[in-house]
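Here's a quick look at how the pieces of this assembly meet, first inside one chain and then between chains.

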Number of protein chains: 2
Amino acid sequence: MKKYQLMAPGPTPVPTEVLLAMARPMIHHRTPQYEALFVEVRAGLKKIFQTTADVIPLACSGTGAMEAAVVNTLSAGDSVAVVRAGKFADRWVEICKAYGVTVVEMTAPFGHSVPAERVAETLRTHPGVKAVLTQHSESSTGVLHDVRGYAAAARGTDAILIVDAVSSLGIADLPMDAWGVDLVVSGSQKGLMLPPGVAFCALGERAWARAKTSTLPKYYFNLAEERKALVRNEAHFTPAVGIIVGLREVLRMLEAEGLASVFKRHDRLARATRAGVEALGLELFAKATPSPALTAVAAPTGVDSETIVAAYSKTHNITIAGGQGEMKGKVFRLGHMGYAAEFDVIIALSALEQVLADLGQPVDFGASVRAAQKIFAEKS
Amino acid sequence: MKKYQLMAPGPTPVPTEVLLAMARPMIHHRTPQYEALFVEVRAGLKKIFQTTADVIPLACSGTGAMEAAVVNTLSAGDSVAVVRAGKFADRWVEICKAYGVTVVEMTAPFGHSVPAERVAETLRTHPGVKAVLTQHSESSTGVLHDVRGYAAAARGTDAILIVDAVSSLGIADLPMDAWGVDLVVSGSQKGLMLPPGVAFCALGERAWARAKTSTLPKYYFNLAEERKALVRNEAHFTPAVGIIVGLREVLRMLEAEGLASVFKRHDRLARATRAGVEALGLELFAKATPSPALTAVAAPTGVDSETIVAAYSKTHNITIAGGQGEMKGKVFRLGHMGYAAEFDVIIALSALEQVLADLGQPVDFGASVRAAQKIFAEKS
């Protein structure tokens with residue numbers, strides 16, 4: 001018996017109690033039952049997004065909500081500035097291009113970040129820029145970008161700040177209102193430990209003001225219509241009822257744990273994973289602030305990272321992820337987000353030692369676990 | 001104890017075995033496990049859509065797939081002709097307007113249909129029309145439109161036929177290839193008895209040819225990109241994994257029942273419901289061919305149909321649906337699609353008798369059930 005372990009950077013495992021909540025009989029979405037559910041979910045989402053703004057769930061995956069963010073706040077011919085240092089940043093660029101929005105790129109090599117000063121400088125030299133688009137946690141490289149700094153850079157300019165928090169919501173602290181982030185996008189299948197299929201947009205006042213003048217075409221992703229439906233505690237179109245039912249359970253779990261504790265947990269898991277990986281002589285791929293959601297690791301010299309991913313799966317029944325795009329073959333990625341706890345990290349590192357040894361790499365057995373254990377032994 | 005019964009025209013009940021299949025541990029969507037699942041699902045979908053074309057699942061509700069159909073086959077300034085005789089037809093019109101597509105309306109009063117000859121005539125008088133858009137089953141009125149006739153009318157013209165089969169797939173016969181329908185849209189939460197959150201587009205060769213020249217903007221709903229991902233047995237973006245897992249179970253159930261039997265079952269349920277309703281002296285709202293998915297009933301004179309819907313819910317714990325838009329207060333709708341069988345109809349009619357009596361209407365108790373029983377007693 002090899003127990004199946006899902007340790008990719010999303011989708012993450014779904015707690016059994018949430019799976020079983022979603023297995024309850026289907027209810028209709030235009031009923032008092034759904035309204036009561038949705039009232040609770042809306043209130044819980046505001047806490048997780050750390051905002052007084054409405055959080056709008058959409059029946060789609062994260063990319064759909066990214067597109068919603070663009071088409072609801074921008075108009076054809078607008079210019080935006082994109083923090084581009086990974087595959088998910090590429091997605092912002094592609095969405096903008098698909099809708100005729102001009103992109104000013106602020107690039108950094110994969111594994112690096114773009115300093116807030118550069119964002120500020122770009123907004124000074126390009127005063128027509130209508131929005132800054134960034135990831136918070138860039139899942140392809142394992143880097144956490146300086147969203148707080150970007151928000152400060154955008155403050156007082158005409159640019160709104162749009163943040164892809166798909167792999168940071170409920171993982172890394174992102175106080176939307178306190179930092180002054182104008183639009184936060186996220187998804188169900190990362191920190192919220194749900195199946196993929198629901199994504200979110202939270203718009204602050206500056207973003208809603210933009211929505212009033214935005215001329216890009218939209219229908220399914222028309223957030224102004226969703227906002228009108230919220231007054232009736234409904235979704236504009238048929239919602240993904242099952243996942244919303246699961247979301248109520250997850251929000252209760254996160255509320256019970258406490259958001260500060262949730263962030264601390266992820267930070268510990270991430271530090272332990274990094275310590276373990278480095279104790280085996282491996283190099284972290286992230287050269288900038290690492291994300292608490294996942295750890296991207298450079299494969300040892302001469303080893304294709306895809307063989308590491310395959311060995312995890314075939315020998316240990318564990319799903320991790322390889323590198324995307326030009327990082328394919330060079331990077332493997334360990335997720336430790338959402339429904340993830342200390343002994344999951346111990347499993348991931350134990351398996352890594354076995355995998356490396358099987359691939360003929362020199363391994364000091366137990367070294368990665370020892371390093372992780374030291375982190376876990378730290379008092380709070 | 002009042003057992004909960006979901007008898008609305010979608011979402012429909014999800015079989016317990018499907019709910020439990022979806023409660024299995026989450027898997028990742030870029031793995032051999034998912035690939036094996038998706039291979040089976042793709043093959044099963046082709047049978048249900050009765051086509052050799054690829055059926056593309058999207059993580060969205062039915063409206064998203066309707067938008068995908070429009071933005072992938074049309075270009076700004078194109079003209080289309082819409083069969084407009086219900087609230088879901090309005091949606092086609094709204095989507096087209098949002099994207100700058102000109103609509104030639106072929107209207108009929110709610111409860112009626114548009115004859116195929118009128119579609120043919122419209123295509124003759126408007127030779128520039130690029131597509132005919134219609135519902136198959138119009139859920140707001142309970143009418144089944146003559147898709148076979150529309151396909152014949154569109155054949156040999158420049159117009160492709162795009163059909164919203166959200167509430168007819170796996171319910172009413174719609175042999176896409178045999179009838180020559182160019183694009184069929186459907187959703188997970190009706191005939192496929194799944195939670196809402198997945199929708200489908202199946203494109204024939206003429207529709208794919210259009211996709212090559214279509215200039216309307218799209219990203220999340222870019223079907224050409226989805227088609228490329230199909231070669232790898234993947235979705236382009238993160239799919240709604242849980243619902244796709246459930247879909248495999250549903251496709252196996254439908255395969256075991258046999259598609260012809262599935263259609264026959266729905267036809268019997270619909271005929272029994274109509275006979276029962278009429279036995280109580282009520283009038284069917286559909287004056288044209290009625291849909292086998294649901295029965296729309298005109299409320300008795302002097303009775304607000306919303307009070308009937310409320311009484312079903314409050315007194316009997318049964319969810320049915322009222323009228324939409326201008327039909328609100330005048331119509332109530334009984335769903336008998338998807339996971340629906342004979343004794344569900346008996347329940348719905350028994351409850352109707354009780355509800356009408358409670359509202360002070362004269363009721364010949366048992367009359368509706370007797371009429372339904374006679375239908376069910378018919379030999380195949």
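Chain A is split into two domains: domain 1 covers 5-11 + 258-377, and domain 2 covers 16-256. Keep in mind that this is a predicted model. Measure from C-alpha centre to C-alpha centre and you get 27 Å between domain 1 of chain A and domain 2 of chain A. Where they touch, domain 1 of chain A puts in 26 residues and domain 2 of chain A puts in 28 residues.

So much for the counts; now the elements. On the domain 1 side of that contact in chain A, helix 11 (259-279) and strand 12 (294-298) each bring at least two residues. Helix 11 of chain A is the top contributor to this side, with four residues.

Now for the contact between the chains. Here 42 residues of chain B meet 42 residues of chain A. On chain B's side, the elements giving two or more residues are helix 1 (16-22), helix 3 (62-73), helix 4 (87-98) and helix 10 (241-257). Of these, helix 3 of chain B gives the most, with four residues.

What classes of residue make up each side? The table has the split for the side of domain 1 of chain A that touches domain 2 of chain A, and for the side of chain B that touches chain A.

| Side | Nonpolar | Polar | Charged |
|---|---|---|---|
| Domain 1 of chain A, touching domain 2 of chain A | 16 nonpolar residues | eight polar residues | two charged residues |
| Chain B, touching chain A | 28 nonpolar residues | eleven polar residues | three charged residues |

Key
Residues numbered from 1 in each chain as written. Chains lettered and ligands numbered in written order. Predicted model: local features only at pLDDT ≥ 70, side-chain atom pairs only at ≥ 80, totals over all residues. Domains from an automatic or database assignment. Contact = placed C-beta atoms within 7 Å. Nonpolar A, V, L, I, M, F, W, Y, C, P; charged D, E, K, R; others polar.
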